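Biologist: I would like to go through this protein term by term, asking each time why a word has been used. Shall we look at it together?

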Amino acid sequence: MKLLRRTILALTATSLAVPLALAQPAPKLKVGLMLPYTGTYAALGNAIENGFRLYVAEQGGKLGGRELEYFKVDDESSPPKATDNVNKLIKRDQVDVLIGTVHSGVAMAMAKAAKDSGTLLIVPNAGAGAITGAMCAPNIFRSSFTMWQSAYAMGDVAAKKGHKTAVTITWKYAAGEESVGGFKEAFEKAGGKVVKQLTLPFPNEEFQALLTEIAATKPDAVYTFFAGAGAVKFVKDYAASGLKKSIPLYGAGFLTDGTLEAQGAAAEGLSTTLHYADNLETKRDRDFRLAYAKSYKLQPDVYAVQGYDAAQMLGIGLNAVKGDVSKKAEFAAALEKARIDSPRGTFTISKSHNPVQDIYLRQVTGKENTFAGVATKALADPGRGCKM
Ligand code: PHB
């Protein structure tokens with residue numbers, strides 16, 4: 001009797017165990033979104049999240065066979081709060097992957113925490129060179145750009161237009177300084193001269209005194225890096241000061257991306273360089289733009305594309321490791337040989353994990369950054385200081 005009971009129990013256990021094991025779904029992949037949801041870059045953070053979620057939705061809600069669970073932190077574009085904020089995701093929420101952020105100072109703190117903890121990080125915007133330079137790591141990737149890429153391309157364009165002198169104006173932090181550095185490198189190599197470098201603290205928008213200084217200096221051209229709400233204010237102030245009529249304003253394309261509704265006529269005609277434009281007229285981009293507009297009742301911008309591609313890169317890596325993020329070498333190898341089918345055009349990932357991509361010249365016409373040609377083909381950031 002005893003034996004019979006044991007046999008029945010054993011039989012029941014095995015017959016139950018098999019279907020249970022089969023039915024067990026892979027645990028959800030914990031995705032930590034650390035983005036600015038308030039402050040001058042709030043619209044950029046929202047566009048990145050929208051783009052990310054759009055790609056995931058297109059894949060039926062799963063990447064690498066796993067459903068996603070989101071954990072969100074508003075980083076406020078605040079470098080002093082960055083380490084605490086990223087540790088909420090790494091230590092408290094124990095996320096499998098970090099997606100963030102917009103501001104370079106905050107992103108560098110994220111890169112340090114990712115490197116120390118081994119957590120996978122995909123940067124969907126911040127352009128500081130160090131993230132895929134001196135701080136590079138096998139588990140850190142970028143779906144966006146380095147500041148140098150768009151800036152260097154514009155230095156060339158400005159020199160070819162025949163300008164000999166330029167004043168630069170930006171926020172005094174890594175992104176602004178590196179954008180100006182890239183512009184200056186190309187502009188001076190081509191025979192131009194940056195005669196003055198003006199800065200103000202991030203995210204200050206009191207431009208008036210600096211605009212007066214530009215008027216007094218009378219350069220051939222002005223080059224700038226501003227983005228988000230600060231870019232809206234700067235472009236409006238530049239036009240209102242009367243300078244737009246006498247001194248052409250150039251910028252990295254962030255100056256006019258996601259901002260044209262708010263800038264209105266003040267932005268008309270501005271030339272910028274960036275890895276995206278509003279009318280690329282490819283099927284890939286048209287499909288993306290339609291899907292984005294349908295989902296969010298908004299036009300996409302470069303930030304939406306970068307968020308979409310961060311999800312796309314995560315999907316490529318996860319497919320290669322069948323959803324197992326602990327297989328870091330295989331994850332990285334898959335991305336290093338991938339061709340990413342982005343709305344911006346196909347790009348590849350450099351050895352230091354930054355996109356190798358075309359930089360477009362664009363000109364504002366109405367509410368669009370209209371494609372005006374390829375400024376630099378397949379531009380790779382040199383990844384200075386990266387040892388992996
Ligand atoms: C940056 O801080 O790296 C940054 C911020 C906003 C942009 C581009 C770069 O639009």
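Biologist: By class, how many nonpolar, polar and charged residues does the lining of the second largest cavity have?

Modeller: That lining has 4 nonpolar residues, 1 polar and 1 charged. The residues are L120, P138, N139, V325, K328 and F331. Ala, Val, Leu, Ile, Met, Phe, Trp, Tyr, Cys and Pro count as nonpolar, Asp, Glu, Lys and Arg as charged, and the others, Gly among them, as polar, so K328 is the charged residue and N139 the polar one. Please keep in mind that this is a predicted model, in which local features need pLDDT of at least 70 and side-chain atom pairs count only at pLDDT 80 or more, while totals for chains, interfaces and linings use all residues. Residues are numbered from 1 along each chain as its sequence is written, and side-chain values use heavy atoms, with hydrogens and water left out.

Biologist: What makes a space a cavity, and what makes it a pocket?

Modeller: On a 1 Å grid over the protein atoms alone, a cavity is a set of points where a 1.4 Å probe fits but cannot get out, whereas a pocket is an open set with protein on both sides within 12 Å along at least five of seven lines; lining residues have an atom within 4 Å of a point. This structure holds 2 cavities of 30 Å³ or more. The second largest has about 40 Å³ of space, and the largest has a volume of about 80 Å³, where volume means the space filled by probe spheres set on the points, which are joined across faces, edges and corners.

Biologist: Why is the largest cavity said to lie where it does with respect to domain 1 and domain 2?

Modeller: Both domain 1 (29-145 + 281-353) and domain 2 (148-274) give residues to its lining, so the largest cavity lies between them. Its lining has 15 residues, and Y41, V102, N125, F145 and F225 are nearest the centre. By class, 12 of the lining residues are nonpolar, 3 are polar and none is charged. The domain bounds themselves come from an automatic or database domain assignment.

Biologist: How many residues of domain 1 and of domain 2 are in contact?

Modeller: Counting contact as heavy atoms within 4.5 Å, 15 residues of domain 1 touch 18 residues of domain 2. The centres of the two domains, taken over C-alpha atoms, are 28 Å apart. At least three residues from each domain also join the lining of the largest pocket, which holds about 560 Å³ of space.

Biologist: What makes C136 and C386 a disulfide?

Modeller: A disulfide is a pair of cysteine sulfur atoms within 2.5 Å, and the sulfur atoms of C136 and C386 are 2.2 Å apart, so the pair meets the definition. The link is right-handed, with 85° about the S-S bond, and the structure holds 1 disulfide.

Biologist: Are C136 and C386 buried or exposed?

Modeller: Buried means under 20% relative accessible area, exposed over 50%, and partly exposed in between (1.4 Å probe, protein chains only). C136 has 3%, so it is buried, while C386, with 23%, is partly exposed.

Biologist: Which residues line the second largest pocket?

Modeller: Its lining includes G129, A130, W148 and R384. The volume is about 150 Å³, and the lining divides into 4 nonpolar, 3 polar and 3 charged residues.
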